[in-house]
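This briefing covers charged side chains and one strand residue. Please look over the sequence and the structure before reading the points below.

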Amino acid sequence: MHDLKNKRILVTGASRGIGQAIAIDLAKHGAKVAVLATRLANLEQTCAAIAAAGGESLPLEGDISQASTAQDSVKAVVDAWGGIDGLVANAGITKDNLLLRMTEEQFDQVIDVNLKGTFHFLKAVTKPMMKQRAGSIVFIGSVVAAIGNPGQANYCAAKAGLHGMARSAAIELGGRGITVNVVSPGFIATDMTSELPEAAQDAMKQKIALGRPGSGQDIAGAVRFLQSPDGSYITGQVMLVDGGLSLG
């Protein structure tokens, strides 16, 4: 079941939803998990669940759009556990608006967090992973990067950017034993998606081949596979975990 015993993995955006599910799942399978959110208080539930599962966590806080947050977080993991084996770059925001109404600020905010923020963490983990000659990096993307979504030009652009960044990084870092991949969820039942109008949720469900939304655990299983030895020969790939939503 993809044993991760003693793996040291950093998960961003781990206070709720998909990130929380990933962090808890990794801990249940033996990993030591550093969890990052904008405020430490937001991580109490995640850390409590990890402890209940017999795991070890390291709570961290910061704004991922700032390079210093990535640098400080990776340093904290290395200082605490002697190295870092995995990164799950999950943190992200939405600032949805129709294209004609979308402000430059709304566009920039989403790019700065979802794309540039992921770049900061990618760069921060590269040096310690290259020293170890091993590491697994997973970006959490989105199916909308491939199919588009009205009102999300900024979000789709940021998530699509992750695809190119992952492929380029995979080529650069592969010689040091580091893998870089993207897991792209479809319509997942989270606090964020529950805020959508019921009509919008129903319309989305009708497009899913499996006829239901996914869960955080569906995404966590894919991430765990890529972080485990079983996924060590996969790199530069985008794994759609969307229940068939992208099939049209």
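Strands, labelled E, are DSSP runs of at least two residues, and helices, labelled H or I, are runs of at least four, both numbered from the N terminus. The model is a predicted one. Four salt bridges are present in the structure, and the points below describe three pairs, a patch of negative charge and the surroundings of Thr179.

**Thr179 in its strand**

- Thr179 lies in strand E6, which spans residues 178-185.
- Its relative accessibility is 9%, so Thr179 counts as buried, the cut-off for that class being under 20%.
- Leaving aside residues up to four places away in sequence, Thr179 is in contact with Gly135, Ser136 and Ile137, and also with Ser232, Ile234 and Thr235.

**Buried salt bridges**

- Side chains of opposite charge can pair when their charged atoms come close.
- Arg8 and Asp85 form a salt bridge through their side chains, with an N to O distance of 2.8 Å.
- This pair joins distant parts of the chain, 77 residues apart: Arg8 belongs to strand E1 (residues 8-12), while Asp85 sits in the loop between helix H3 (67-81) and strand E4 (86-89).
- Arg8 and Asp85 are both buried.
- A salt bridge also connects Arg224 with Asp25, where the closest N and O atoms are 2.6 Å apart.
- Here the link runs between two helices, with Arg224 in helix H9 (residues 216-227) and Asp25 in helix H1 (residues 17-28); the two residues are 199 residues apart and lie in distant parts of the chain.
- Arg224 and Asp25 are likewise both buried.

**A partly exposed salt bridge**

- Arg212 pairs with Asp218 in a salt bridge whose closest N and O atoms are 3.6 Å apart.
- Arg212 has a relative accessibility of 42% and therefore counts as partly exposed.
- Asp218 is partly exposed as well, because its relative accessible area is 31%; the class covers values between the 20% limit for buried and the 50% limit for exposed.

**Negative patch on the surface**

- Glu104, Glu105, Asp108 and Asp112 gather on the surface as a patch of negative charge.
- Glu104, one of the patch residues, is located in helix H4, which covers residues 104-132.
- With a relative accessibility of 64%, Glu104 counts as exposed, since that class begins over 50%.

Methods
Residues numbered from 1 in each chain as written. Predicted model: local features only at pLDDT ≥ 70, side-chain atom pairs only at ≥ 80, totals over all residues. Heavy atoms only, no water. Buried < 20%, exposed > 50% of the residue type's maximum accessible area, 1.4 Å probe, protein only. Contact = heavy atoms within 4.5 Å. Patch = residues over 30% accessible without salt bridge, like charges linked within 9 Å, V, L, I, M, F, W, Y side chains within 5 Å. Areas by Shrake-Rupley, 256 points an atom, 1.4 Å probe, with all protein chains shown as cover. Lys, Arg positive; Asp, Glu negative; His and termini not counted. Charge placed at Lys NZ, Arg CZ, Asp CG, Glu CD.
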